[in-house]
Amino acid sequence: MKCPRCSSDDDRVVDSRTSADGVVIRRRRECLECFMRFTTYERIEESPLRVIKKNGERVRFDRDRILHGMLRACEKLPVSMADIEEAVMRVEGRCQGEYDREVPSSVIGSLVMDELRQLDQVAYVRFASVYREFKDVGQFMSELETILDEDVDGLEVPGLAAAAGEAPPSVEPSTRPVDPGHPPDSRDGS
Ligand SMILES: [Zn+2]
């Protein structure tokens, strides 16, 4: 595999993971020339999987979109990148395994929610609040109650208990701007 930095052809595989159903293999590689590490995915190439959107439109299955959605849901939470990548692989694997060529976007959403529910309850609620487009606070609260009912053991959602008892929670994760990382115009040049 050609190194993306120095184009050398020599690399070694440092880690290899297979999705549960064996549909996708992820390999972490290290260039033997410049020691850059990069990731490759190996999957069966048949007809490309397509996604059926709510309006019936078909678009290419885009694993990066799923990854980014999950990363955003897990932002600032104690969830490792490896766990998220494995979750994305399972979602992709299940879509390919259970759907022939076209998978409804609602199925992908449910699969992602299942994965997030396993990874982190806060991430799950964040994603669910965006994905399910809650009409009102009541609907959002009933979703939270469902989670609380299902998963009483080991549930750690800061602020959730308080929110369940009193004033409506601010349903803000979807509207919160992404942290730019560096403040704009921090140099004054003089
Ligand atoms: Zn290299």
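## Strands 2 and 3

Val24 has Arg43 of strand 3 as its bridge partner. In this predicted model, strand 2 (residues 24-31) is joined to strand 3 by 7 bridges, and the two run antiparallel. Another pair links Arg27 with Thr40, which stands opposite it in strand 3.

The hairpin of strand 2 and strand 3 has 5 residues between the strands. Within this hairpin, Phe35 adopts a positive phi near 65°.

## Strands 1 and 2

Strand 1 and strand 2 are also paired in the antiparallel sense, over 7 bridges. Here Arg17 has Arg26 of strand 2 as its bridge partner. In the hairpin that holds strand 1 and strand 2, 5 residues lie between the strands, and Gly22 is the residue given a positive phi, near 75°.

## The antiparallel sheet

Together these strands make an open sheet of 3 strands in the order 1-2-3, with antiparallel pairing. Strand 1 (11-18) and strand 3 (37-43) each have a single partner strand, so they stand at the edges and one side of each has no neighbour in the sheet. From one strand to the next, the twist averages 25°.

Helix 2 (residues 81-98) packs on this sheet, where it touches strand 1 and strand 2. The direction of helix 2 makes about 140° with that of strand 2.

## Helix 2

The length of helix 2 can be checked against its residue count. Its 18 residues, at 1.5 Å a residue, should span 26 Å, and the end C-alpha atoms are 26 Å apart, so the two values agree.

The buried residues of helix 2 are Ile84, Ala87, Val88, Met89, Arg90, Val91, Glu92, Arg94, Cys95 and Gln96. Charged residues are on this list, among them Arg90, Glu92 and Arg94. The cover over the buried residues of helix 2 includes strand 2, helix 1, strand 6 and helix 3.

## The mixed sheet

A second group of 3 strands forms an open sheet in the order 5-4-6, and its pairing is mixed. Strand 5 (58-60) and strand 6 (102-104) stand at the edges of this sheet; each has a single partner strand, so one side of each is left without a neighbour there. The twist in this sheet averages 35° from one strand to the next.

Strand 4 (residues 50-52) pairs with strand 6 in the parallel sense over 3 bridges. Val51 stands opposite Val103 of strand 6. Helix 3 (residues 105-119) packs on the sheet and touches strand 4 and strand 6. The direction of helix 3 makes about 65° with that of strand 6.

## Leu71 in helix 1

Leu71 belongs to helix 1 (residues 63-73). Is Leu71 buried or exposed? It has 15 C-beta neighbours inside 10 Å, and a residue needs 20 or more to be buried and 12 or fewer to be exposed. Leu71 therefore counts as partly exposed.

How far apart in space are Leu71 and Ala123? Their C-alpha atoms are 9.1 Å apart, although 52 residues separate Leu71 from Ala123 in sequence.

Definitions and conventions
Residues are numbered from 1 along each chain as its sequence is written. This is a predicted model: local features need pLDDT of at least 70, side-chain atom pairs count only at pLDDT 80 or more; totals for chains, interfaces and linings use all residues. Two strands pair if DSSP finds at least two bridges between them. Helices (H or I, at least four residues) and strands (E, at least two) are DSSP runs, numbered from the N terminus. Axes are lines fitted to C-alpha atoms, for helices over the stretch in contact, and angles run from 0 to 180 degrees between N-to-C directions. Two residues are in contact if their C-beta atoms, placed from the backbone, lie within 7 Å. The expected span of a helix is 1.5 Å times one less than its number of residues.
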